[in-house]
Amino acid sequence: MRGAAPWGLAVPAVAGMAFLVLPLVGLAVRAPWTTLPARLTEPRVLEALRLSLITATTATVVCLALGVPLAWLLARARFRGRGLVRALVTVPLVLPPVVGGVALLLVFGRNGLIGRWFSGAFTLPFTTAGVVMAEAFVAMPFLVISVEGTLRAADPRYEEAAATLGASRWTVFRRVTLPLVAPGVVAGAVLCWARALGEFGATITFAGNLPGTTQTMPLAVYLALETDPEAAIVLSLVLLAVCVAVLAVLRDRWIKA
Amino acid sequence: MLSARLVVERERFRLDIVIDAAAGEVVALLGPNGAGKTTALRALAGLVRLSHGEIVLDGEPIHERPAERRSIGMVFQDYLLFPHLSALDNVAFGPRCQGTPKARARVGAREWLERIGLKDHLHARPHELSGGQAQRVALARALAVRPRLLLLDEPLAALDAHTRLEIRAGLRRHLEEFDGAAVLVTHDPLDAMVLADRLVVVENGSIVQEGTPAEVARHPRTDYVARLVGLNLYRGTAAGHQVTIDGLTLSVAEELEGPVFVAFPPSAVALFRGRPDGTPRNLWAARIAGIERHGDQFRVGLDGPISVSADVTAAAVAELDLLPGQEVWVAVKATETHAYPA
């Protein structure tokens, strides 16, 4: 029989699957389904959800604006130290987010390297803008890596063809390169958004936990777990639903691969 | 119109050729793979930087300009139609880059597509077009920018034999109507003969022969060209009607002195099992190196004082019982040879 797995592989494979799936099942089993509608419309939940959606979306826009050009530079431009730049850009990917938060504080905090110059005008830590910054810091590498990979896979000769037709480099990027890598940009943006939505460590370190201003869904979940476990479950379910929706969007790209 | 010296130096490769093309002239760069033809074309387009040399188009040096400011049109081997744009928008792309407003560029593109017989495929995406249709759209896209220099890289190589015939005829018509200079790269001698006014044969980065298709076909000067046009070619020394090639002396129709080429077609070679009577003058013994089908005939490769290809009918192969390794007599009529100064 083709495709039959030996026991040595099948048993750990099933165990691994159960390990990944059971906690999610537990979440669904323990969910207070009867009171769910009421709980979902609690101001506290709605506020955290609204803040999460706004900050994650803004962070994604920031990541797109900065990350797509950065990915282009890494994929297309030739310059010394490109390998080093790529390595540095991907550091937040493996860095514990809480360390990222500390690092952001040291630079953009009231007495930070850069933050002190602006301390009279505005402050970033413990503001909604700070949440966006923390999320963008953690999520941008996902976008950069996804877009860079797509750019590398795209045939650069289309860009040459566009140049022979008289397109300036900016026009080539706008009308040829970007449409060609659009699927990669979309996938990267979705991934980036999901990562920003779930961001916890850097956010709580850099932006704190002020309801309505910096308390996003993950922070609310963590806080609720100590005072109102059922609320934590509800909030978790909402995040889970959002993640499943994201997976559904990326279904064609990943699950079928 | 176009006057260029192209020098491109790479590790282990050096391209150094001079290309000129008058207005309305089609010049074909012909040569084996790796000869540097495509590099030359890309250098003209501005996609490859010149190491030395210059490109002058309409009296203006353009080699310092980037590709987008050279007034060229290029048809790529695999067309490179933008996959996210319709045929119409592909053709309108160039004019729009030149600043033509969108609506006007589209009207112009529609006219081009109608002219090449694709008015029913205006909104088709490239993947919905056949190879022949895509080729025509690529040509229209390149011509729509009204280039002074049209560059075609193996424009027919990606087509199947049948489509190729049809598209070749269409391409020839468009090239005749085109008033700028055109440079075509191909490794197919037929494409070169049909489409070009002048052939430039490139081997190993240098020009080995230049001339009209008829001249080149009649007077090949390298083995590559001789093979392309299907001739046996030798270099020898002439004394009157006799040419000595590697110790073998051939009688030829022309009277010449000194270094010469001798060429004759494989069909001019006759094979015999025994030494033929009547002693034709060009006769020698040879061994069959190989036999392969060539159209409806068989091409026999012969080793001997000189290597020769002979075309014989299937009947002759059977009748003479020709097999590799066999000794045969080879005869070539003097009247079918062609000698010319080397």
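Here are some exercises with worked solutions on a predicted model of two protein chains, A and B.

**Exercise 1. Sketch the two chains**

Work out what secondary structure each chain has, and what box its C-alpha atoms fill.

*Solution.*
- Step 1: start with chain A, where you'll count 13 helices and zero strands. Reading along the sequence, you meet one α after another: α-α-α-α-α-α-α-α-α-α-α-α-α.
- Step 2: now go to chain B, which has nine helices and 18 strands.
- Step 3: put boxes around the C-alpha atoms, along the principal axes. Chain A fills roughly 70 × 65 × 35 Å, and chain B fills roughly 80 × 40 × 35 Å.

**Exercise 2. Look at burial, surface and charge**

For each chain, find what share of the residues is buried and what share of the exposed area comes from carbon and sulfur atoms.

*Solution.*
- Step 1: buried means under 20% relative accessible area. By that cut-off, 41% of the 257 residues of chain A are buried, and for chain B the figure is 52% of 342 residues.
- Step 2: chain A exposes about 13,900 Å², with 72% of that coming from carbon and sulfur atoms. Chain B exposes about 15,500 Å², and there carbon and sulfur atoms supply 48%.
- Step 3: add the charges to your picture. Chain A carries 21 positive and 12 negative side chains, and the centres of the two sets lie 11 Å apart. In chain B, 38 positive and 43 negative charges have mean positions 6 Å apart.

**Exercise 3. Explore where A meets B**

Find out how much area is buried between the chains and which residues of chain A lose the most.

*Solution.*
- Step 1: count who takes part. Chain A brings 18 residues to the contact and chain B brings 22.
- Step 2: the area buried between them is about 1,800 Å², and carbon and sulfur atoms give 64% of it. On the chain A side, A:Thr164, A:Leu165 and A:Arg175 lose the most area to chain B, together 41% of what that side buries.
- Step 3: look for charge pairs. There are two salt bridges across the interface. One pairs B:Arg42 with A:Glu160, whose closest N and O atoms are 2.8 Å apart.
- Step 4: try A:Pro179, which sits in helix α10 (residues 169-197) of chain A. Beyond its neighbours within four places in sequence, A:Pro179 is in contact with A:Phe173, A:Arg174 and, over in the other chain, B:His84. A:Pro179 counts as partly exposed because its relative accessibility is 28%.

**Exercise 4. Check two unusual backbone angles**

Is B:Glu154 buried or exposed, and how does B:Asp321 compare on the cut-offs?

*Solution.*
- Step 1: recall the background. Most residues other than glycine have a negative phi.
- Step 2: B:Glu154 isn't a glycine, yet its phi is positive, about 45°. You'll find B:Glu154 in the loop between β7 (149-153) and α5 (161-177) of chain B. Its relative accessibility is 6%, so B:Glu154 counts as buried.
- Step 3: B:Asp321 also has a positive phi, about 55°, without being a glycine. B:Asp321 lies in the loop between α9 (314-320) and β17 (327-332) of chain B. At 44% relative accessibility, B:Asp321 counts as partly exposed.

**Exercise 5. Follow the salt bridges**

Pick out salt bridges made by B:Arg14 and B:Glu210, then find a network in chain A.

*Solution.*
- Step 1: the total over all chains is 26 salt bridges.
- Step 2: B:Arg14 pairs with B:Glu9, with the closest N and O atoms 2.2 Å apart. B:Arg14 also pairs with B:Asp16, this time at 3.1 Å. B:Arg14 is partly exposed at 37%, and so are B:Glu9 at 39% and B:Asp16 at 25%.
- Step 3: B:Glu210 bridges to B:Arg198, with the closest N and O atoms 3.0 Å apart. B:Glu210 belongs to strand β10 (residues 206-211) and B:Arg198 to strand β9 (residues 198-203), so the pair ties together parts twelve residues apart in sequence. B:Glu210 is partly exposed at 42%, whereas B:Arg198 is buried at 18%.
- Step 4: finish in chain A, where salt bridges link A:Arg39, A:Glu42, A:Arg44, A:Asp228 and A:Glu230 in a network.

Terms used:
Residues are numbered from 1 along each chain as its sequence is written. Chains are lettered from A and ligands numbered from 1 in the order in which they are written. Side-chain values use heavy atoms; hydrogens and water are left out. Helices (H or I, at least four residues) and strands (E, at least two) are DSSP runs, numbered from the N terminus. Buried means under 20% relative accessible area, exposed over 50%, partly exposed in between (1.4 Å probe, protein chains only). Accessible areas come from the Shrake-Rupley method with a 1.4 Å probe; for residues, only the protein chains shown count as cover. Lys and Arg count as positive and Asp and Glu as negative; His and the chain ends are not counted. The place of a charge is taken as NZ of Lys, CZ of Arg, CG of Asp or CD of Glu. Contact means heavy atoms within 4.5 Å. Buried area is the accessible area (1.4 Å probe) that two parts lose on being put together, summed over both. A salt bridge is a side-chain nitrogen of Lys or Arg within 4 Å of a carboxyl oxygen of Asp or Glu.
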